[in-house]
Amino acid sequence: MAAVGLLAAVAVSAAGAEARSSDGEQCLASWYGDPDQPVHTASGELLDPAALTAAHRTLVFGSRIRVVNRNDGRAVEVRINDRGPHTEGRCVNLTRAAFEAIAPLSAGVAPITVQVLSGEDDPAIPTTTPPSPPASPTPAAAASSPSSTAPNG
């Protein structure tokens, strides 16, 4: 069975194409998230390798998807909070915990089907990234502002 899964993964990887069917998007999923190197996701959240979250290129943040391993049917539901993956043939990057729910980490990638549960047309899901806090002015910018005491010139 493992050999069949490996061949399927190689075939999908070699094709480099993501497919859409009535059952959902088919591609490869990978995992990411190093607990020793905290990073922020594109949505502004801190990436939590133990959370059931994922990165997708186009789904709005907050979307919920079901990721099903095409080899054995194991599935996990995750929330989209990041952008990626940036490797051809892959459509989802899962956190460590989410990937472990469908395949061993040592596999690295798994052939999957993505089923969108909410988010594409859900008015309750925000469609934009939360705004970043305003940057504090640099000393040079503060000195040249209109409220500065420097003469105009």
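Buried means under 20% relative accessible area, exposed over 50%, and partly exposed in between. The exercises below apply these cut-offs and others to a predicted model.

**Exercise 1. Classify Asn81 as buried or exposed, and state what surrounds it.**

Step 1. Asn81 is placed in strand E5, which covers residues 75-82.

Step 2. The relative accessibility of Asn81 is 1%. The cut-off for buried is under 20%, so Asn81 counts as buried.

Step 3. The side chain of Asn81 makes a polar contact of 3.1 Å with the side chain of Glu45.

Step 4. Beyond its neighbours within four places in sequence, Asn81 is in contact with Thr41, Ala42, Ser43, Glu45, Thr53, Ala54 and Phe61. Glu45 therefore appears both in this contact list and as the polar partner of the buried Asn81.

**Exercise 2. Assign Ser63, Ala50 and Ala101 to their exposure classes and locate each in the chain.**

Step 1. Ser63 sits in the loop that runs between strand E3 (53-55) and strand E4 (64-69). Its relative accessible area is 0%, so Ser63 is buried. A polar atom of the Ser63 side chain lies 2.7 Å from the backbone oxygen of Val60.

Step 2. Ala50 belongs to the loop between E2 and E3. Because its relative accessibility is 61%, Ala50 counts as exposed. In sequence Ala50 and Arg96 are 46 residues apart, yet their C-alpha atoms are 6.5 Å apart in space.

Step 3. Ala101 is part of helix H2 (residues 96-102). With 33% relative accessibility, Ala101 falls in the partly exposed class. Leaving aside neighbours within four places in sequence, Ala101 is in contact with Arg74 and Val76. The C-alpha atom of Val68, 33 residues away along the chain, is separated from that of Ala101 by 9.9 Å.

**Exercise 3. Describe how strand E6 is covered and which strands pair with it.**

Step 1. Strand E6 spans residues 90-95, and 5 of its 6 residues are buried.

Step 2. Strand E2 (residues 24-32) runs parallel to E6 and is joined to it by 5 bridges. In this pairing Leu28 stands opposite Arg90.

Step 3. E3 pairs with E6 in the antiparallel sense, over 2 bridges. Here Ala55 stands opposite Asn93 of E6.

Step 4. Combining the two pairings, E6 has a parallel partner in E2 and an antiparallel partner in E3.

**Exercise 4. Find the disulfide, and give its geometry and its place in the chain.**

Step 1. A search of the whole structure returns 1 disulfide. Cys27 and Cys91 form it, with their sulfur atoms 1.8 Å apart.

Step 2. The cysteines come from distant parts of the chain: Cys27 is in strand E2 and Cys91 in strand E6, 64 residues apart.

Step 3. The angle about the S-S bond is -50°, and the link is left-handed.

Step 4. Both Cys27 and Cys91 are buried.

**Exercise 5. Identify the residues with the most contacts inside the largest nonpolar core, and the elements that supply it.**

Step 1. The largest nonpolar core has 21 residues. Those with the most contacts inside it are Ile65, Val67, Val78, Val92, Leu94, Ile102 and Ile112.

Step 2. Two or more residues of this core come from each of E2, E4, E5, E6, H2 and strand E7 (109-118).

Step 3. Take Val92 as a case. Apart from neighbours within four places in sequence, Val92 has contacts that include Cys27, Leu28, Ala29 and Ser30, as well as Ala54, Ala55 and His56. Its list also holds Ile65, Pro85, Ile112 and Val114.

Step 4. As background, nonpolar side chains in soluble globular proteins tend to be buried together.

**Exercise 6. Summarise the protein as a whole: which pattern does it follow, and how much of it is buried?**

Step 1. The protein has 3 helices and 7 strands. Along the sequence the pattern is α-β-β-β-β-β-β-α-β-α.

Step 2. Of the 153 residues, 35% are buried.

Step 3. The accessible surface comes to about 9000 Å², and carbon and sulfur atoms account for 56% of that surface.

Step 4. Consider contacts between residues at least 6 apart in sequence: 70% of them join residues at least 24 apart. The disulfide of Cys27 and Cys91, 64 residues apart, also links distant parts of the chain.

Note on methods
Residues are numbered from 1 along each chain as its sequence is written. This is a predicted model: local features need pLDDT of at least 70, side-chain atom pairs count only at pLDDT 80 or more; totals for chains, interfaces and linings use all residues. Side-chain values use heavy atoms; hydrogens and water are left out. Helices (H or I, at least four residues) and strands (E, at least two) are DSSP runs, numbered from the N terminus. Buried means under 20% relative accessible area, exposed over 50%, partly exposed in between (1.4 Å probe, protein chains only). A polar contact is a pair of N or O atoms within 3.5 Å; within protein, one must be able to donate a hydrogen and the other to accept it, and residues adjacent in sequence count only if both atoms are side-chain atoms. Two strands pair if DSSP finds at least two bridges between them. Contact means heavy atoms within 4.5 Å. Accessible areas come from the Shrake-Rupley method with a 1.4 Å probe; for residues, only the protein chains shown count as cover. A nonpolar core is a set of buried Ala, Val, Leu, Ile, Met, Phe, Trp, Tyr and Cys residues joined through side-chain atoms within 4.5 Å. A disulfide is a pair of cysteine sulfur atoms within 2.5 Å.
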